[in-house]
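Biologist: I have just opened this one and would like a short tour. Could you take me through it a piece at a time?

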Amino acid sequence: MISEAADRRLNTISRHLIVTNEDEGSNGVISSSITSSGGDSVFANVVRAPEDPILGVTVAYNKDPSPVKLNLGVGAYRTEEGKPLVLNVVRKAEMLLVNDRSRVKEYLPIVGLADFNKLSAQLILGADSPAIRDNRVTTVQCLSGTGSLRVGGEFLAKHYYQRTIYIPNPTWGNHTKIFALAGLSVKTYRYYDPVTRGLNIQGLLEDLGSAPSGSIVLLHACAHNPTGVDPTVEQWEQIRRLIRSKKLLPFFDSAYQGFASGSLDGDAQSVRMFVGDGGECFIAQSYAKNMGLYGERVGALSIVCGSADVASRVESQLKLVIRPMYSNPPIHGPSIVATILKDRNLYNEWTLELKAMADRIITMRKQLFDALRARGTPGDWSHIIKQIGMFTFTGLNTKQVNFMTKEYHIYMTSDGRISMAGLSSRTVPHLADAIHAAVTTVV
Ligand code: KET
(Lines give C-alpha, C1' and ligand atoms only; values in the text may rest on other atoms or scores of the structure.)
Protein backbone atom coordinates (compact mmCIF):
# COMPACT_ATOMS: atom_id res chain seq x y z
CA MET A 1 0.00 0.00 0.00
CA ILE A 2 1.38 3.37 -0.95
CA SER A 3 0.35 6.14 1.43
CA GLU A 4 -1.45 9.12 0.00
CA ALA A 5 1.51 11.39 0.72
CA ALA A 6 3.98 9.01 -0.93
CA ASP A 7 1.65 8.63 -3.88
CA ARG A 8 1.42 12.38 -4.30
CA ARG A 9 5.19 12.61 -4.11
CA LEU A 10 5.67 9.95 -6.79
CA ASN A 11 3.17 11.68 -9.04
CA THR A 12 4.97 14.98 -8.70
CA ILE A 13 8.28 13.31 -9.44
CA SER A 14 7.17 11.33 -12.47
CA ARG A 15 5.34 14.33 -13.88
CA HIS A 16 8.48 16.32 -13.44
CA LEU A 17 10.74 13.70 -15.00
CA ILE A 18 8.58 13.58 -18.12
CA VAL A 19 8.93 17.33 -18.50
CA THR A 20 12.68 17.12 -17.94
CA ASN A 21 13.11 14.50 -20.65
CA GLU A 22 11.30 16.70 -23.13
CA ASP A 23 13.27 19.74 -22.05
CA GLU A 24 16.58 18.07 -22.52
CA GLY A 25 15.85 16.31 -25.77
CA SER A 26 17.24 19.12 -27.86
CA ASN A 27 20.53 19.39 -25.99
CA GLY A 28 23.36 18.08 -28.14
CA VAL A 29 24.98 16.31 -25.21
CA ILE A 30 22.04 14.12 -24.25
CA SER A 31 22.30 10.45 -25.14
CA SER A 32 19.52 8.18 -26.36
CA SER A 33 16.83 7.18 -23.88
CA ILE A 34 16.11 3.83 -25.52
CA THR A 35 17.58 0.75 -23.86
CA SER A 36 19.40 -1.75 -26.02
CA SER A 37 19.87 -5.40 -25.08
CA GLY A 38 18.91 -6.16 -21.47
CA GLY A 39 20.15 -9.76 -21.46
CA ASP A 40 18.59 -11.64 -18.56
CA SER A 41 18.98 -8.81 -16.04
CA VAL A 42 16.16 -8.03 -13.62
CA PHE A 43 16.90 -4.43 -14.57
CA ALA A 44 16.32 -5.03 -18.28
CA ASN A 45 13.49 -2.49 -18.24
CA VAL A 46 15.58 0.34 -16.87
CA VAL A 47 15.46 3.19 -19.33
CA ARG A 48 18.61 5.19 -19.97
CA ALA A 49 18.32 8.59 -18.29
CA PRO A 50 19.45 11.74 -20.01
CA GLU A 51 22.66 13.37 -18.76
CA ASP A 52 22.24 16.29 -16.35
CA PRO A 53 21.76 19.51 -18.39
CA ILE A 54 24.72 21.19 -16.63
CA LEU A 55 27.07 18.42 -15.46
CA GLY A 56 26.37 16.50 -18.70
CA VAL A 57 28.11 19.30 -20.60
CA THR A 58 31.37 18.33 -18.88
CA VAL A 59 30.76 14.66 -19.79
CA ALA A 60 30.46 15.62 -23.48
CA TYR A 61 33.47 17.97 -23.23
CA ASN A 62 35.65 15.22 -21.78
CA LYS A 63 34.87 12.98 -24.75
CA ASP A 64 35.91 15.59 -27.34
CA PRO A 65 39.54 15.03 -28.52
CA SER A 66 39.85 18.53 -30.09
CA PRO A 67 42.82 20.58 -28.78
CA VAL A 68 40.81 23.82 -28.99
CA LYS A 69 37.85 22.58 -26.98
CA LEU A 70 36.50 24.90 -24.29
CA ASN A 71 34.19 24.06 -21.39
CA LEU A 72 31.96 27.00 -20.45
CA GLY A 73 29.24 24.77 -19.02
CA VAL A 74 29.55 24.20 -15.30
CA GLY A 75 30.07 27.19 -13.03
CA ALA A 76 33.54 26.38 -11.79
CA TYR A 77 36.36 28.91 -11.57
CA ARG A 78 39.42 28.52 -13.79
CA THR A 79 42.66 30.52 -13.81
CA GLU A 80 43.99 32.49 -16.79
CA GLU A 81 45.77 29.24 -17.68
CA GLY A 82 42.44 27.44 -17.72
CA LYS A 83 43.25 25.41 -14.61
CA PRO A 84 41.11 24.75 -11.51
CA LEU A 85 42.22 26.85 -8.54
CA VAL A 86 42.88 25.80 -4.96
CA LEU A 87 43.06 29.05 -2.97
CA ASN A 88 46.35 29.69 -1.15
CA VAL A 89 44.44 30.35 2.02
CA VAL A 90 42.75 26.95 1.73
CA ARG A 91 46.14 25.23 1.37
CA LYS A 92 47.38 27.10 4.45
CA ALA A 93 44.34 26.07 6.48
CA GLU A 94 44.78 22.47 5.35
CA MET A 95 48.44 22.51 6.47
CA LEU A 96 47.37 23.80 9.88
CA LEU A 97 44.78 21.05 10.15
CA VAL A 98 47.14 18.28 9.07
CA ASN A 99 49.85 19.42 11.49
CA ASP A 100 47.46 19.62 14.43
CA ARG A 101 47.89 16.19 16.07
CA SER A 102 44.93 16.80 18.35
CA ARG A 103 42.57 16.58 15.37
CA VAL A 104 40.71 13.32 14.99
CA LYS A 105 38.32 11.87 12.42
CA GLU A 106 35.45 11.07 14.78
CA TYR A 107 31.86 11.46 13.64
CA LEU A 108 30.57 15.00 13.81
CA PRO A 109 27.23 15.64 15.52
CA ILE A 110 24.19 15.29 13.23
CA VAL A 111 24.11 19.09 12.75
CA GLY A 112 27.82 19.28 11.92
CA LEU A 113 30.74 21.30 13.25
CA ALA A 114 29.56 23.85 15.84
CA ASP A 115 32.20 26.51 15.03
CA PHE A 116 31.50 26.23 11.34
CA ASN A 117 27.77 26.69 11.87
CA LYS A 118 28.19 29.75 14.06
CA LEU A 119 30.71 31.38 11.71
CA SER A 120 28.58 30.60 8.63
CA ALA A 121 25.55 32.31 10.15
CA GLN A 122 27.73 35.32 10.96
CA LEU A 123 29.14 35.41 7.45
CA ILE A 124 25.76 35.69 5.79
CA LEU A 125 23.83 37.63 8.47
CA GLY A 126 26.64 39.85 9.76
CA ALA A 127 28.59 39.33 12.99
CA ASP A 128 26.37 41.82 14.83
CA SER A 129 23.06 40.38 13.64
CA PRO A 130 20.34 40.77 16.32
CA ALA A 131 18.80 37.47 15.16
CA ILE A 132 22.04 35.63 16.05
CA ARG A 133 22.36 37.54 19.32
CA ASP A 134 18.81 36.52 20.27
CA ASN A 135 19.51 32.84 19.40
CA ARG A 136 16.73 32.92 16.82
CA VAL A 137 18.91 31.27 14.16
CA THR A 138 19.51 27.57 13.85
CA THR A 139 22.30 26.54 11.49
CA VAL A 140 23.08 23.01 10.37
CA GLN A 141 26.06 21.98 8.25
CA CYS A 142 24.92 20.31 5.01
CA LEU A 143 26.36 18.87 1.82
CA SER A 144 27.13 22.14 0.05
CA GLY A 145 24.38 24.34 -1.38
CA THR A 146 22.45 21.47 -2.93
CA GLY A 147 22.27 19.50 0.32
CA SER A 148 21.24 22.62 2.26
CA LEU A 149 18.38 23.29 -0.16
CA ARG A 150 17.28 19.66 0.02
CA VAL A 151 17.33 19.47 3.83
CA GLY A 152 15.40 22.75 3.96
CA GLY A 153 12.90 21.43 1.41
CA GLU A 154 12.40 18.17 3.32
CA PHE A 155 11.84 20.06 6.57
CA LEU A 156 9.27 22.33 4.94
CA ALA A 157 7.41 19.42 3.32
CA LYS A 158 7.13 17.80 6.75
CA HIS A 159 6.48 20.73 9.06
CA TYR A 160 5.11 23.69 7.11
CA TYR A 161 1.45 24.18 6.29
CA GLN A 162 2.05 25.50 2.77
CA ARG A 163 3.49 22.99 0.28
CA THR A 164 4.02 25.29 -2.68
CA ILE A 165 7.37 26.83 -3.50
CA TYR A 166 7.71 29.54 -6.15
CA ILE A 167 11.01 29.58 -8.00
CA PRO A 168 12.13 32.20 -10.53
CA ASN A 169 11.75 31.61 -14.27
CA PRO A 170 14.40 30.78 -15.27
CA THR A 171 16.47 29.43 -12.40
CA TRP A 172 19.27 26.96 -11.68
CA GLY A 173 17.92 23.75 -13.22
CA ASN A 174 18.38 21.66 -10.10
CA HIS A 175 15.95 23.76 -8.00
CA THR A 176 12.89 22.14 -9.58
CA LYS A 177 14.17 18.63 -8.96
CA ILE A 178 15.39 19.28 -5.42
CA PHE A 179 12.10 20.71 -4.21
CA ALA A 180 9.85 18.31 -6.14
CA LEU A 181 11.74 15.32 -4.70
CA ALA A 182 11.54 16.86 -1.23
CA GLY A 183 7.75 16.70 -1.61
CA LEU A 184 6.91 20.32 -2.41
CA SER A 185 4.81 21.49 -5.29
CA VAL A 186 6.94 23.71 -7.53
CA LYS A 187 5.59 26.77 -9.35
CA THR A 188 7.40 29.60 -11.07
CA TYR A 189 7.25 33.37 -10.88
CA ARG A 190 8.26 35.71 -13.69
CA TYR A 191 11.81 36.98 -13.28
CA TYR A 192 13.67 37.62 -16.52
CA ASP A 193 12.54 39.71 -19.47
CA PRO A 194 14.28 38.46 -22.64
CA VAL A 195 13.43 41.69 -24.48
CA THR A 196 15.14 44.06 -22.05
CA ARG A 197 17.51 41.33 -20.85
CA GLY A 198 16.75 42.66 -17.39
CA LEU A 199 14.49 41.98 -14.44
CA ASN A 200 10.75 41.73 -15.05
CA ILE A 201 9.95 43.42 -11.74
CA GLN A 202 6.32 44.02 -12.67
CA GLY A 203 5.75 40.37 -13.54
CA LEU A 204 7.60 39.26 -10.42
CA LEU A 205 5.49 41.44 -8.13
CA GLU A 206 2.27 40.36 -9.86
CA ASP A 207 3.07 36.66 -9.59
CA LEU A 208 4.17 36.80 -5.96
CA GLY A 209 1.23 39.10 -5.24
CA SER A 210 -1.19 36.43 -6.41
CA ALA A 211 0.58 33.50 -4.71
CA PRO A 212 -1.46 31.93 -1.88
CA SER A 213 -0.59 33.34 1.53
CA GLY A 214 2.22 31.39 3.17
CA SER A 215 3.76 30.15 -0.08
CA ILE A 216 7.52 29.63 -0.04
CA VAL A 217 9.55 31.87 -2.37
CA LEU A 218 12.99 30.85 -3.59
CA LEU A 219 15.24 33.89 -4.06
CA HIS A 220 18.83 33.98 -5.33
CA ALA A 221 20.68 36.05 -2.72
CA CYS A 222 22.95 37.51 -5.43
CA ALA A 223 24.36 36.71 -8.88
CA HIS A 224 21.19 35.09 -10.17
CA ASN A 225 21.90 31.87 -12.07
CA PRO A 226 21.56 31.66 -15.08
CA THR A 227 20.60 35.27 -15.95
CA GLY A 228 23.21 37.33 -14.06
CA VAL A 229 20.37 39.80 -13.37
CA ASP A 230 19.81 40.89 -9.75
CA PRO A 231 17.19 43.27 -8.32
CA THR A 232 18.48 46.71 -7.30
CA VAL A 233 18.36 47.60 -3.59
CA GLU A 234 15.11 49.51 -4.22
CA GLN A 235 13.60 46.52 -6.01
CA TRP A 236 14.67 44.20 -3.18
CA GLU A 237 12.86 46.52 -0.81
CA GLN A 238 9.69 46.28 -2.95
CA ILE A 239 9.99 42.49 -3.01
CA ARG A 240 10.58 42.37 0.74
CA ARG A 241 7.52 44.49 1.50
CA LEU A 242 5.33 42.33 -0.71
CA ILE A 243 6.65 39.07 0.75
CA ARG A 244 6.11 40.27 4.31
CA SER A 245 2.67 41.76 3.68
CA LYS A 246 1.48 38.55 1.98
CA LYS A 247 3.11 36.40 4.68
CA LEU A 248 5.15 34.48 2.12
CA LEU A 249 8.19 32.58 3.37
CA PRO A 250 11.52 33.58 1.77
CA PHE A 251 14.07 30.85 1.08
CA PHE A 252 17.42 32.31 -0.03
CA ASP A 253 19.88 30.36 -2.11
CA SER A 254 23.28 31.93 -1.47
CA ALA A 255 25.75 30.11 -3.71
CA TYR A 256 27.81 33.12 -4.82
CA GLN A 257 28.44 35.34 -1.78
CA GLY A 258 31.47 37.46 -2.70
CA PHE A 259 31.40 36.45 -6.36
CA ALA A 260 28.94 39.10 -7.51
CA SER A 261 30.53 42.31 -6.25
CA GLY A 262 33.77 40.94 -4.80
CA SER A 263 32.44 42.00 -1.36
CA LEU A 264 31.10 39.42 1.09
CA ASP A 265 29.00 41.99 2.95
CA GLY A 266 27.74 43.63 -0.24
CA ASP A 267 26.51 40.32 -1.62
CA ALA A 268 24.69 39.50 1.62
CA GLN A 269 22.67 42.71 1.57
CA SER A 270 19.45 41.17 0.22
CA VAL A 271 19.40 38.51 2.94
CA ARG A 272 20.20 41.05 5.65
CA MET A 273 17.28 43.25 4.56
CA PHE A 274 14.91 40.36 5.16
CA VAL A 275 16.45 39.39 8.48
CA GLY A 276 16.63 43.03 9.57
CA ASP A 277 12.84 43.32 9.56
CA GLY A 278 12.56 40.66 12.25
CA GLY A 279 10.76 38.16 10.00
CA GLU A 280 11.58 34.50 9.41
CA CYS A 281 13.48 33.02 6.47
CA PHE A 282 15.58 30.11 5.21
CA ILE A 283 19.12 30.47 3.83
CA ALA A 284 21.14 27.82 2.00
CA GLN A 285 24.85 28.67 1.81
CA SER A 286 27.53 27.10 -0.35
CA TYR A 287 31.32 27.39 -0.07
CA ALA A 288 31.82 25.67 -3.43
CA LYS A 289 32.47 28.82 -5.42
CA ASN A 290 33.59 31.49 -2.97
CA MET A 291 36.18 29.27 -1.27
CA GLY A 292 36.71 26.97 -4.25
CA LEU A 293 35.71 23.95 -2.14
CA TYR A 294 33.50 22.39 -4.86
CA GLY A 295 34.28 18.73 -4.24
CA GLU A 296 34.51 19.06 -0.46
CA ARG A 297 30.74 19.65 -0.36
CA VAL A 298 30.63 22.30 2.36
CA GLY A 299 27.50 24.31 3.02
CA ALA A 300 25.01 25.32 5.66
CA LEU A 301 21.29 25.73 6.12
CA SER A 302 20.23 28.52 8.44
CA ILE A 303 16.66 28.99 9.53
CA VAL A 304 15.91 32.36 11.08
CA CYS A 305 12.97 31.84 13.46
CA GLY A 306 10.63 34.08 15.40
CA SER A 307 12.05 33.09 18.79
CA ALA A 308 14.89 31.15 20.40
CA ASP A 309 12.48 28.49 21.59
CA VAL A 310 11.12 27.88 18.08
CA ALA A 311 14.68 27.81 16.69
CA SER A 312 15.73 25.06 19.08
CA ARG A 313 12.63 22.97 18.32
CA VAL A 314 13.19 23.44 14.58
CA GLU A 315 16.78 22.24 15.02
CA SER A 316 15.61 19.13 16.85
CA GLN A 317 13.45 18.28 13.82
CA LEU A 318 16.23 19.05 11.33
CA LYS A 319 18.22 16.31 13.06
CA LEU A 320 15.42 13.86 12.29
CA VAL A 321 15.60 14.87 8.61
CA ILE A 322 19.38 14.49 8.43
CA ARG A 323 20.00 11.32 10.47
CA PRO A 324 18.26 8.87 8.10
CA MET A 325 19.54 10.74 5.02
CA TYR A 326 23.32 10.72 5.59
CA SER A 327 23.62 10.45 9.37
CA ASN A 328 26.07 13.32 9.83
CA PRO A 329 28.15 15.52 7.52
CA PRO A 330 31.86 15.31 6.58
CA ILE A 331 34.52 16.89 8.81
CA HIS A 332 37.35 18.07 6.56
CA GLY A 333 35.66 20.81 4.51
CA PRO A 334 33.97 22.67 7.38
CA SER A 335 37.23 22.49 9.36
CA ILE A 336 38.95 24.37 6.52
CA VAL A 337 36.18 26.99 6.46
CA ALA A 338 36.14 27.43 10.25
CA THR A 339 39.95 27.77 10.35
CA ILE A 340 39.79 30.58 7.78
CA LEU A 341 36.75 32.37 9.18
CA LYS A 342 37.99 32.55 12.75
CA ASP A 343 41.50 33.84 12.02
CA ARG A 344 41.64 37.52 11.08
CA ASN A 345 44.73 37.15 8.85
CA LEU A 346 43.42 34.12 7.00
CA TYR A 347 40.03 35.77 6.62
CA ASN A 348 41.61 38.88 5.10
CA GLU A 349 43.70 36.75 2.78
CA TRP A 350 40.56 34.94 1.67
CA THR A 351 38.74 38.18 0.85
CA LEU A 352 41.67 39.25 -1.36
CA GLU A 353 41.71 35.95 -3.25
CA LEU A 354 37.95 36.08 -3.62
CA LYS A 355 38.10 39.62 -4.96
CA ALA A 356 40.78 38.55 -7.46
CA MET A 357 38.48 35.79 -8.78
CA ALA A 358 35.53 38.19 -9.05
CA ASP A 359 37.72 40.78 -10.81
CA ARG A 360 39.06 38.27 -13.31
CA ILE A 361 35.50 37.39 -14.27
CA ILE A 362 34.65 41.07 -14.74
CA THR A 363 37.75 41.45 -16.96
CA MET A 364 36.55 38.51 -19.07
CA ARG A 365 33.19 40.25 -19.53
CA LYS A 366 34.94 43.36 -20.82
CA GLN A 367 37.23 41.39 -23.13
CA LEU A 368 34.40 39.36 -24.65
CA PHE A 369 32.28 42.46 -25.14
CA ASP A 370 35.19 44.27 -26.86
CA ALA A 371 35.96 41.25 -29.03
CA LEU A 372 32.37 41.07 -30.31
CA ARG A 373 32.32 44.79 -30.96
CA ALA A 374 35.60 44.55 -32.85
CA ARG A 375 34.08 41.83 -35.06
CA GLY A 376 30.96 43.91 -35.68
CA THR A 377 28.82 41.03 -34.45
CA PRO A 378 25.16 41.97 -35.01
CA GLY A 379 23.15 42.70 -31.86
CA ASP A 380 23.49 44.61 -28.61
CA TRP A 381 25.96 42.74 -26.38
CA SER A 382 26.05 45.24 -23.54
CA HIS A 383 24.34 42.70 -21.27
CA ILE A 384 27.68 40.85 -21.15
CA ILE A 385 29.16 43.70 -19.10
CA LYS A 386 25.95 44.49 -17.21
CA GLN A 387 25.22 41.01 -15.91
CA ILE A 388 26.57 39.98 -12.52
CA GLY A 389 28.36 36.93 -11.19
CA MET A 390 29.73 33.81 -12.79
CA PHE A 391 27.50 33.59 -15.86
CA THR A 392 26.47 35.45 -18.96
CA PHE A 393 23.02 34.64 -20.27
CA THR A 394 23.96 35.31 -23.87
CA GLY A 395 20.59 35.12 -25.57
CA LEU A 396 21.99 32.51 -28.01
CA ASN A 397 19.39 29.86 -28.84
CA THR A 398 19.81 26.09 -28.66
CA LYS A 399 20.55 25.79 -32.40
CA GLN A 400 23.28 28.37 -32.14
CA VAL A 401 24.71 26.63 -29.06
CA ASN A 402 24.73 23.29 -30.91
CA PHE A 403 26.45 24.95 -33.86
CA MET A 404 29.17 26.38 -31.60
CA THR A 405 29.73 22.99 -30.03
CA LYS A 406 29.89 21.18 -33.36
CA GLU A 407 31.98 23.70 -35.30
CA TYR A 408 34.05 25.34 -32.56
CA HIS A 409 34.16 22.70 -29.79
CA ILE A 410 32.73 25.19 -27.31
CA TYR A 411 30.61 23.55 -24.63
CA MET A 412 27.86 25.40 -22.78
CA THR A 413 24.34 24.75 -21.50
CA SER A 414 21.63 24.68 -24.17
CA ASP A 415 19.90 27.78 -22.74
CA GLY A 416 22.82 29.91 -23.96
CA ARG A 417 24.45 30.38 -20.55
CA ILE A 418 28.22 30.64 -20.49
CA SER A 419 30.43 30.39 -17.43
CA MET A 420 32.63 33.49 -17.65
CA ALA A 421 34.90 31.90 -15.04
CA GLY A 422 35.89 29.28 -17.62
CA LEU A 423 37.21 31.93 -20.06
CA SER A 424 40.71 33.40 -20.33
CA SER A 425 42.34 36.12 -22.44
CA ARG A 426 43.69 33.33 -24.63
CA THR A 427 40.26 31.79 -25.33
CA VAL A 428 38.16 34.97 -25.69
CA PRO A 429 38.95 35.36 -29.45
CA HIS A 430 37.91 31.76 -30.15
CA LEU A 431 34.60 32.29 -28.30
CA ALA A 432 33.99 35.62 -30.05
CA ASP A 433 34.63 33.99 -33.47
CA ALA A 434 32.15 31.24 -32.58
CA ILE A 435 29.44 33.64 -31.38
CA HIS A 436 29.95 35.80 -34.48
CA ALA A 437 29.61 32.78 -36.77
CA ALA A 438 26.59 31.49 -34.85
CA VAL A 439 24.59 34.71 -34.96
CA THR A 440 25.47 35.45 -38.60
CA THR A 441 24.77 31.94 -39.97
CA VAL A 442 22.26 30.22 -37.65
CA VAL A 443 18.80 31.73 -37.10
N1 KET B 1 22.51 27.19 -6.08
C2 KET B 1 22.83 27.76 -7.25
C3 KET B 1 22.09 28.96 -7.68
C4 KET B 1 23.84 27.20 -8.02
O5 KET B 1 24.15 27.80 -9.16
C6 KET B 1 24.52 26.04 -7.60
C7 KET B 1 25.54 25.42 -8.45
C8 KET B 1 24.15 25.50 -6.36
C9 KET B 1 23.14 26.09 -5.63
C10 KET B 1 24.78 24.27 -5.76
O11 KET B 1 26.10 24.26 -5.64
P12 KET B 1 26.82 23.22 -4.63
O13 KET B 1 27.96 22.69 -5.38
O14 KET B 1 25.84 22.15 -4.27
O15 KET B 1 27.19 24.04 -3.46
N16 KET B 1 25.65 25.68 -9.69
C17 KET B 1 26.67 25.22 -10.62
C18 KET B 1 27.09 23.80 -10.50
C19 KET B 1 25.98 22.79 -10.60
O20 KET B 1 25.12 22.88 -11.47
O21 KET B 1 26.01 21.86 -9.77
C22 KET B 1 26.22 25.56 -12.04
O23 KET B 1 25.12 26.10 -12.23
O24 KET B 1 26.99 25.34 -12.99
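Biologist: Let me start with α7: which residue follows it, and what is the sign of its phi?

Modeller: Keeping in mind that this is a predicted model, α7 is followed by G183, whose phi is positive, near 105 degrees.

Biologist: And which residues of α7 itself are buried?

Modeller: Helix α7 covers residues 174–182, and the buried ones in it are H175, K177, I178, F179, A180 and A182.

Biologist: Going back along the chain, what sits in the loop between β3 and α7?

Modeller: P170 lies in that loop, with β3 spanning 164–169, and the peptide bond leading from N169 into P170 is cis, with omega near 0 degrees. A second cis peptide bond joins N225 and P226, where omega is about 10 degrees, and P226 belongs to the loop between β7 (216–220) and α9. For background, most peptide bonds are trans.

Biologist: Now the ligand. Which residues come nearest to it?

Modeller: There are 18 residues around the ligand, and those that come nearest are S144, T146, N225, D253 and S286. N225 is thus a residue on the ligand's surroundings list as well as a partner in the cis bond to P226.

Biologist: How far is S144 from an oxygen atom of the ligand?

Modeller: A polar side-chain atom of S144 lies 2.5 Å from an oxygen atom of the ligand, while for G145 a backbone N or O atom lies 2.8 Å from a ligand oxygen. K289 has an N or O atom in its side chain that is 3.2 Å from a nitrogen atom of the ligand.

Biologist: Where is S144 placed, and is it buried or exposed?

Modeller: S144 is in helix α6, residues 144–159, and it counts as buried because its relative accessible area is 2%, which is under 20%. Its phi is near 60 degrees, a positive value in a residue other than glycine.

Biologist: What about R197, what is its phi?

Modeller: Phi of R197 is near 55 degrees, also positive in a residue that is not glycine. R197 lies in the loop between β5 (192–193) and β6 (198–199) and is partly exposed, with a relative accessible area of 27%.

Biologist: Last topic: at what angle do α9 and α10 pack?

Modeller: Helix α9 (residues 233–245) and helix α10 (residues 269–276) pack at about 35 degrees, with their axes 10 Å apart, and the crossing is right-handed. The contact includes W236 and I243 of α9 and M273 and F274 of α10, and by class it has 6 nonpolar, 2 polar and 3 charged residues.

Key
Residues numbered from 1 in each chain as written. Predicted model: local features only at pLDDT ≥ 70, side-chain atom pairs only at ≥ 80, totals over all residues. Heavy atoms only, no water. Axes fitted to C-alpha atoms, helices over the stretch in contact; angles between N-to-C directions. Helix = DSSP H or I, 4+ residues; strand = E, 2+ residues; numbered from the N terminus. Left-handed = near helix turned anticlockwise from the far one by under 90°. Contact = heavy atoms within 4.5 Å. Nonpolar A, V, L, I, M, F, W, Y, C, P; charged D, E, K, R; others polar. Buried < 20%, exposed > 50% of the residue type's maximum accessible area, 1.4 Å probe, protein only. Near = heavy atom within 4 Å. Polar contact = N/O pair within 3.5 Å; in protein donor to acceptor, adjacent residues only side chain to side chain.
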